[in-house]
Amino acid sequence: MSANVASKRQLAMVMDLNKCIGCQTCTVACKTQWTNRNGRDYMYWNNVETFPGAGYPKNWRTSGGGFDNEGNLKEGVIPEIETGYGTPWDFNHEDLAKGVEFKANAAPIWGPNWDEDQGAGNFPSDNYFFYIPRICNHCDNPGCLASCPRDAIFKRSQDGVVLVDQERCQGYRFCIAGCPYKKIYFNPKISKSEKCIFCFPRIEKGLPTACAQQCVGRIRFVGFLDDEEGQVYKLVKKYKVALPLTPQANTGPNVYYVPPVAGPLKFDANGKPIPGSDRIPPEQLEELFGKEVHAAIKTIKDEMEIRKATGKSELLDLLIAYKHSDMFRLDAGYYAHHNNSLKPVDHRYDAGKFTSFKAVH
Ligand code: SF4
Ligand code: SF4
């Protein structure tokens, strides 16, 4: 059954998919910041995948987990390292100068971005794709937390960040099956599960997550969901143009997406645009973001007309984000104020952080 894990405040992120260019700078920023010990090599706490596509890990959208409408945990699968995540491979760089063929040291069969930019349809008549960057959603009702028999996953009451207590975790991996987003990973070197920590050590200093700070497309807003003056609140609650991914998994995600709004029309056999056609099938957007996606897209299109007519639109100003720093509303003072009550909670994460090697049983 779902767990009662309500937090006092909730940190959230909004990602505007209309601006993501799939450059993977966010992925590199995250890896540079957090792949700081062995065993995290294959993990992508942040990844950017092409839709339509199988995603990362492969076929996560059909891998179960989350809750049914009665609040019961649904069965999920744990992706295989080789076929689901892909085994990292290397190249014979040292042989290049000797005239030896440049090749991978293994025959890879899957990996992150395996199907990058493939998309669907036929060029130029009806082809389409867009990028979906993904991190842990720091859910209201985390499937990972509910499925852990060790009570090793906790949601911080002060900001709703979901963390794994590295001391309690025994590496059972039920959490991976329970997460419908497959955003929790097994570290085979230390036999524990690990995941995106919403860069909480940065957040507590008033800095945005590394992925948001480095985002080239300026697609990521970070702030508290209850901050009515914040961009996150306005996009999610006021204008309702930012929506959770696959909300039917019933975990209450706190990462929200502004859906892709308007691509070029489809072309007929003579290369002429087909009036009223949708290059991105609306039913696929509905599957990703729920029925609200149509109202969200209409709101943005209506605001574009208002902007054309009047030159004004708070919503479009927000989405354009003229100044990168305006995309983050964090409050280091809030954390400083709560410092004493925070420490014991964070200790649970930190204490197991340098766990030494344990064989996998
Ligand atoms: S996205 Fe997955 S790992 Fe993150 S809190 Fe939700 S259920 Fe847990
Ligand atoms: S850095 Fe920003 S624009 Fe580039 S892939 Fe990541 S989310 Fe998209």
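Two residues are in contact if their C-beta atoms, placed from the backbone, lie within 7 Å. Keep that in mind for the views below, which come from a predicted model.

**Figure 1. Val 236 and its partners in the nonpolar core.** Once neighbours within four places in sequence are set aside, Val 236 touches Ala 12, Val 14, Leu 225, Ala 242 and Tyr 256, in the sense of contact just given. Val 236 belongs to the largest nonpolar core, a set of 79 residues. Val 14, Leu 235, Val 236 and Ala 242 have the most contacts inside this core. Strand 1 (residues 11-16) gives the core its largest share, 5 residues.

**Figure 2. The whole protein chain, for orientation.** Look for 12 helices and 11 strands in the protein chain. The radius of gyration is 21 Å, close to the 21 Å from the globule rule for 361 residues, so the chain is as compact as a globular protein of that length. Along the principal axes, the C-alpha atoms fill a box of roughly 65 × 60 × 45 Å. Of the 361 residues, 39% count as buried. Among contacts with a separation of 6 or more, 66% join residues 24 or more positions apart.

**Figure 3. The surroundings of ligand 1.** There are 14 residues around ligand 1, and those that come nearest are Cys 136, Cys 139, Pro 142, Cys 144 and Cys 179. Sorted by character, the shell holds 8 nonpolar, 4 polar and 2 charged residues.

**Figure 4. The surroundings of ligand 2.** Which residues come nearest to ligand 2? They are Cys 20, Cys 23, Cys 26, Cys 215 and Gly 217, out of 14 residues around this ligand. Helix 1 (25-34) and strand 3 (130-134) are the elements that give two or more residues to the shell. The shell around ligand 2 has 10 nonpolar and 4 polar residues, with no charged ones.

**Figure 5. Helix 8 and its buried side.** Helix 8 (residues 282-289) has three buried residues to find: Leu 285, Leu 288 and Phe 289. They cover an arc of only 75 degrees around the axis, which means that they sit on the same side of helix 8. Their cover includes strand 9 (243-244), strand 10 (255-258) and helix 9 (293-310). Just after helix 8 comes Gly 290, with a positive phi near 85 degrees.

**Figure 6. Backbone angles worth a second look.** Most residues other than glycine have a negative phi, and most peptide bonds are trans. Gln 24 is not a glycine, yet its phi is positive, about 70 degrees. Gln 24 sits in the loop between strand 1 and helix 1. Is Gln 24 buried or exposed? Gln 24 is buried, because 20 other C-beta atoms lie within 10 Å. Phe 198 also has a positive phi, near 50 degrees. The loop between strand 7 (192-195) and helix 5 (200-203) holds Phe 198, and this residue counts as buried because it has 28 C-beta neighbours inside 10 Å. For cis peptide bonds, look at the one from Phe 51 to Pro 52, with omega near -5 degrees, and at the one from Phe 123 to Pro 124, with omega near 0 degrees. Pro 52 is in the loop between strand 2 and helix 2, while Pro 124 is in the loop between helix 2 and strand 3.

**Figure 7. Asn 59 in its loop.** Asn 59 lies between strand 2 (47-51) and helix 2 (81-85), in the loop that joins them. Asn 59 counts as partly exposed, because it has 15 C-beta neighbours inside 10 Å. Glu 70 is 11 residues away along the chain, and the C-alpha atoms of Asn 59 and Glu 70 are separated by 25 Å.

Key
Residues are numbered from 1 along each chain as its sequence is written. Chains are lettered from A and ligands numbered from 1 in the order in which they are written. This is a predicted model: local features need pLDDT of at least 70, side-chain atom pairs count only at pLDDT 80 or more; totals for chains, interfaces and linings use all residues. A residue is buried if 20 or more other C-beta atoms lie within 10 Å of its own, exposed if 12 or fewer, and partly exposed in between; C-beta atoms are placed from the backbone. Helices (H or I, at least four residues) and strands (E, at least two) are DSSP runs, numbered from the N terminus. The arc is that of the directions from the helix axis to the C-beta atoms. A residue is near a molecule or strand if its C-beta atom, placed from the backbone, lies within 6 Å of it. Ala, Val, Leu, Ile, Met, Phe, Trp, Tyr, Cys and Pro count as nonpolar, Asp, Glu, Lys and Arg as charged, and the others, Gly among them, as polar. The radius of gyration is taken over C-alpha atoms; the globule rule is 2.2 Å times the number of residues to the power 0.38. A nonpolar core is a set of buried Ala, Val, Leu, Ile, Met, Phe, Trp, Tyr and Cys residues joined through C-beta atoms within 7 Å.
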